[in-house]
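Me: I'm new to reading structures, and I'd like a close look at one loop before anything else. Could you start there and then lead me onward to the other parts?

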Amino acid sequence: MPPAIPTATYRLQFSKDFGFRQAAALVPYLRDLGISHVYASPFLQAREGSTHGYDVVDHNRIDPQFGGEAEFDRFCGALAEAGLGLILDFVPNHMGIGRTDNAWWLDVLEWGPASPYAFFFDIDWRAAPGRRRPAVTLPILGKPYGQVLEEGELKLAFDVEQGSFSIRYFEHRLPVRPADYPALLRQVAGMAELPELRLSPRALQTDRSAADKLKAALAGMPRLAAAMDSVLSAYDACSGAVARHRLHRLLLRQHYMPAYWRSSGSEINYRRFFDINDLAGLRMEDPAVFEATHRLVGDLIRAGRLQGIRLDHVDGLYDPVGYCRMLGDHAVQCGAPSDFYIVIEKILGRDEALPQFPSVAGTTGYEWMNAIARLFVSDDGLTRLDTAWRAFTGQQASYEDIEQSAKAEVIATMFAGELATLVRLLRRIAAGHARSQDFTAEQLRSALLAYVRALPVYRTYVTPENGASDQDRAIIRSAISAARKAAPRIESALFDFLQDLFTLDLLQKTRGYSRRRISRFIGKLQQFTGPVMAKSLEDTCFYRYTRLIGLNEVGGHPDGGGLDGSGFHRAMRQRLDQQPHGLTATATHDMKRGEDARLRLAALSEMADEWQEAVQRWQRWNQPLLGDLSGQRAPSADHEYLLYQALLGAWPLKDEVDFADRAVAYTVKAMREGKQETSWHYPNEDYEKVVESFLRGLLDPVRSPEFSVDFADFARRTSLLGALNSLSQVAIKMMMPGVPDVYQGTEFWDLSFVDPDNRRPVDYPARQQVLAQTPNPDWATLAADWPDGRIKLRLLETLLRLRKRQPEIFTSGDYQPVDVTGTRAGSVIAFSRSHAGRTVIIAAGRLLAGLSEGGRQWIQGAAWGDTTINLPADGAFVDCLQTPGKTHRGHIVLGEGFAHFPVGVFVSGP
């Protein structure tokens with residue numbers, strides 16, 4: 001049986017090319033590597049062809065594209081035989097909609113508010129302009145509605161097998177409401193005698209059984225297919241204005257309204273996942289919705305096949321704390337132990353403590369990924385990098401100004417509809433009491449907008465049941481204070497009203513306000529701020545503020561500085577107290593770049609002056625490659641600077657035939673995310689093509705001979721420094737508090753660009769071959785051959801096996817800093833983990849440019865000179881890494897402990 005708390009997890013990304021059969025074959029390798037749990041990407045049924053699994057269309061079915069239930073059974077059997085557990089990446093916040101594969105959503109389109117699934121989705125059922133009945137706005141059209149209608153792309157269709165009508169738009173099927181069937185069938189000879197058609201349209205729209213009988217009768221009439229041509233042609237928009245008007249009138253009677261996709265930011269009336277129109281939010285706070293979406297999960301827990309859950313986008317839920325409580329209770333009711341392993345995808349703001357989530361072991365580790373990376377950043381160099389970036393790009397704005405600008409833009413273009421809904425709810429609350437009835441909608445909108453822009457975290461967790469925590473109160477007060485300064489013309493009383501409302505103090509201070517309305521508003525406000533923050537920071541600001549893009553990582557703070565040893569030790573002791581069993585990630589499916597690419601870029605903070613000189617040379621040499629679009633430089637200076645860093649981080653250690661294509665794909669995505677010269681909503685393809693030409697020119701040694709040689713030389717140096725940093729990162733991650741997670745394939749160097757580049761196929765046979773070699777690594781040879789990545793895998797394996805042999809030290813052990821003295825003490829981070837009289841000491845190098853001649857040579861032990869780790873006076877420690885079996889007492893000279901590379905692990909006793 002696997003342990004309740006994982007010793008280490010391994011993230012697998014399932015796809016149509018990597019399913020349960022391939023995963024089952026990989027289980028022995030993962031066991032031998034030292035993994036205790038497979039951490040699987042979503043494997044409940046997603047949209048056909050999904051590349052990620054987060055667009056679930058059926059929570060209660062295993063995805064057939066991965067092999068279905070039969071192959072899943074074999075995979076679970078392989079895990080059980082190897083003693084490994086399984087953790088599912090579960091998606092509670094939303095479902096994939098549109099097309100033809102979500103039965104619940106299709107039922108809602110057909111039956112509207114009368115559908116039994118209508119309350120499953122977070123829909124604001126209001127009559128849209130020009131319509132008499134409530135309708136869901138469907139932003140699925142590639143062109144404005146009128147143009148789509150005139151060009152005949154919306155077509156009435158009849159399914160002979162199902163006996164049902166629908167409107168088809170390419171891959172989308174929009175069911176026609178049963179009330180319209182009599183009118184559609186009136187033109188078909190012989191239909192008048194059909195008993196089921198004698199019901200009134202109203203009866204057909206309220207009596208599902210009657211509608212089902214009608215469809216069954218139609219499906220049983222083989223002759224109907226040919227006879228239906230007259231009906232379909234009568235609504236064929238291509239046949240003329242009369243038919244087009246008839247189809248338009250039919251659409252106006254439906255429970256949905258097809259709309260141009262670009263109108264979604266202001267017109268959409270269902271909650272989405274961020275701004276993705278085909279992912280609709282679920283009302284998971286409702287017990288019926290919870291029960292309907294967790295049946296299979298419960299069955300897997302009962303069968304002993306599921307040992308943990310990773311919760312995707314927990315902040316999107318109406319009540320994340322309440323949901324976690326429900327999930328923990330559900331797991332226990334299904335036979336799971338009380339310590340059933342649950343972690344949440346939660347991005348913490350600067351200095352934000354993780355709220356108390358019931359049954360949750362911790363986060364998925366974004367904050368620790370960034371804490372580790374900051375250990376390898378020099379603050380002095382970062383200041384010089386800021387100068388270099390501003391000199392190259394001409395950027396004068398502060399990070400705060402760039403962030404605020406991004407927030408304003410994102411709200412206006414992506415979330416205007418959601419903001420309008422909040423303002424409408426807020427106005428109704430204010431109008432319900434004499435003290436606030438004079439606050440106008442425009443005043444409330446301005447104040448609310450100022451608050452959302454000032455909020456420093458993704459969301460708060462205020463609920464009517466639990467009120468506002470001390471942390472939430474402090475966050476709300478701070479944001480209100482900042483909003484007052486940002487909007488000085490709004491009277492103070494209005495901000496007082498908002499502060500009392502957001503903390504729910506309004507209900508205690510003043511009688512007469514609607515508790516129901518306030519509860520709904522607070523829930524929707526907190527669901528709104530998270531997507532705003534995510535799209536503003538991760539998908540906009542991170543591509544505009546580019547002084548050092550290695551710090552622009554999910555859960556990170558690009559304007560932050562490096563982290564010294566004392567700061568890291570404080571963070572680790574705090575983690576040990578608050579969430580010792582959360583995941584520690586250095587790579588995820590959401591990361592902006594590979595874990596080793598990130599640490600290459602961190603090395604630029606130690607080479608800042610050389611970097612500034614280099615980019616100035618490259619800018620001068622590459623000027624002939626620039627394009628000119630009516631006076632617009634292409635690429636912009638911002639994009640050119642971003643490009644040099646991105647290429648440096650991902651620069652291959654050996655020739656890759658597809659590197660240019662990968663770099664182009666990354667560049668287009670980065671430019672569109674930044675939303676400056678081009679964007680996803682309004683792509684500037686002319687600009688993108690010119691930038692692609694510039695990039696391919698850079699990478700062509702014939703067109704750019706000077707740059708090619710110079711850049712490759714600089715990249716070799718940062719690659720060496722990055723590799724040294726990465727080995728230290730492996731050791732820190734494996735030994736620090738928390739559960740280390742290995743993202744698929746990162747046993748070798750991980751130089752990926754942003755997703756989907758990080759979901760490329762993994763060459764597992766190459767990794768298996770290295771693992772099958774002698775159990776005693778030849779570190780000298782591995783260090784000499786460091787570019788092939790074998791040294792990283794063997795270090796990872798050695799430390800994972802240590803964790804597996806001594807699990808209590810790492811799941812329950814203490815954490816203490818270890819004293820390092822000597823000339824190079826500042827380039828070492830060292831700490832111990834102890835439990836029941838056993839201690840492990842870990843030492844790792846950092847800020848290594850000075851020891852490696854600026855990345856020109858691999859660091860050998862002698863370079864550490866008099867630097868020493870001071871041991872407990874009465875202890876003997878055995879080297880279990882580079883010189884296995886060597887015993888140290890009193891101290892460890894790093895020239896011996898770091899004989900081949902700057903990582904050492906020493907265990908007390910034999």
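Reply: Let's begin with Phe170, which sits in the loop between β9 (164-169) and β10 (172-175). The names come from DSSP runs counted from the N terminus: helices are H or I with at least four residues, and strands are E with at least two. Before we go on, please keep in mind that this is a predicted model, where local features need pLDDT of at least 70 and side-chain atom pairs count only at pLDDT 80 or more, while totals for chains, interfaces and linings use all residues. Residues are numbered from 1 along each chain as its sequence is written, and side-chain values use heavy atoms, with hydrogens and water left out.

Back to Phe170: its phi is near 50°, a positive value in a residue other than glycine. Is Phe170 buried or exposed? Phe170 counts as exposed because its relative accessibility is 55%. The cut-offs are under 20% relative accessible area for buried and over 50% for exposed, with partly exposed in between, using a 1.4 Å probe and protein chains only.

Another loop offers a similar story. Ser630 is not a glycine, yet its phi is positive, at about 55°. Ser630 lies in the loop between β18 (627-629) and β19, and with a relative accessible area of 81% it is exposed. On the other side of β19 (632-634), the loop that leads to α27 (637-650) holds Pro635. A cis peptide bond links Ala634 to Pro635, with omega about 0°. The bond from Asp755 to Pro756 is also cis, with omega near 10°, and Pro756 belongs to the loop between β20 (739-743) and α31 (764-771).

For a contrast with the exposed loop residues, try Val297 in helix α13 (residues 295-302). Val297 has a relative accessible area of 1%, so it is buried. Leaving aside residues up to four places away in sequence, Val297 touches Leu88, Phe90, Leu306 and Ile309; a contact means heavy atoms within 4.5 Å. Asn60 is 237 residues away from Val297 along the chain, but their C-alpha atoms are separated by 7.7 Å.

Next come the helix pairs. Two packed helices are described by the angle between their axes and the distance between the axes. The axes are lines fitted to C-alpha atoms, for helices over the stretch in contact, and the angle between N-to-C directions runs from 0 to 180 degrees. Helix α19 (residues 441-454) packs on helix α21 (residues 492-502) at about 60°, with axes 11 Å apart. The two are therefore oblique to each other: under 35 degrees counts as roughly parallel, over 145 as roughly antiparallel, 65 to 115 as roughly perpendicular, and the rest as oblique. Their crossing is right-handed, which says that the near helix is turned clockwise from the far one by less than a right angle, while anticlockwise would be left-handed. Gln443, Leu444, Ala447, Leu448 and Tyr451 of α19 meet Leu494, Phe495, Phe497, Leu498 and Phe502 of α21. By class, this contact has nine nonpolar residues, one polar and no charged. Here Ala, Val, Leu, Ile, Met, Phe, Trp, Tyr, Cys and Pro count as nonpolar, Asp, Glu, Lys and Arg as charged, and the others, Gly among them, as polar.

Helices α25 (residues 595-602) and α30 (residues 705-735) pack at about 120°, with axes 8 Å apart. α25 and α30 are therefore oblique too, and their crossing is right-handed. The contact of α25 with α30 has one nonpolar, six polar and five charged residues.

Finally, look at strand β29 (residues 903-908). Six of its six residues are buried, so β29 is largely enclosed by the rest of the structure. In a regular strand the side chains alternate between the two faces of the sheet. In β29, Val903, Val905 and Val907 point one way, and Gly904, Phe906 and Ser908 point the other way. Strand β24 (residues 838-845) pairs with β29 in the antiparallel sense over five bridges, where pairing requires at least two bridges found by DSSP. Strand β26 (residues 876-879) also runs antiparallel to β29, joined by three bridges. Phe906 stands opposite Ile841 and also opposite Asp879.
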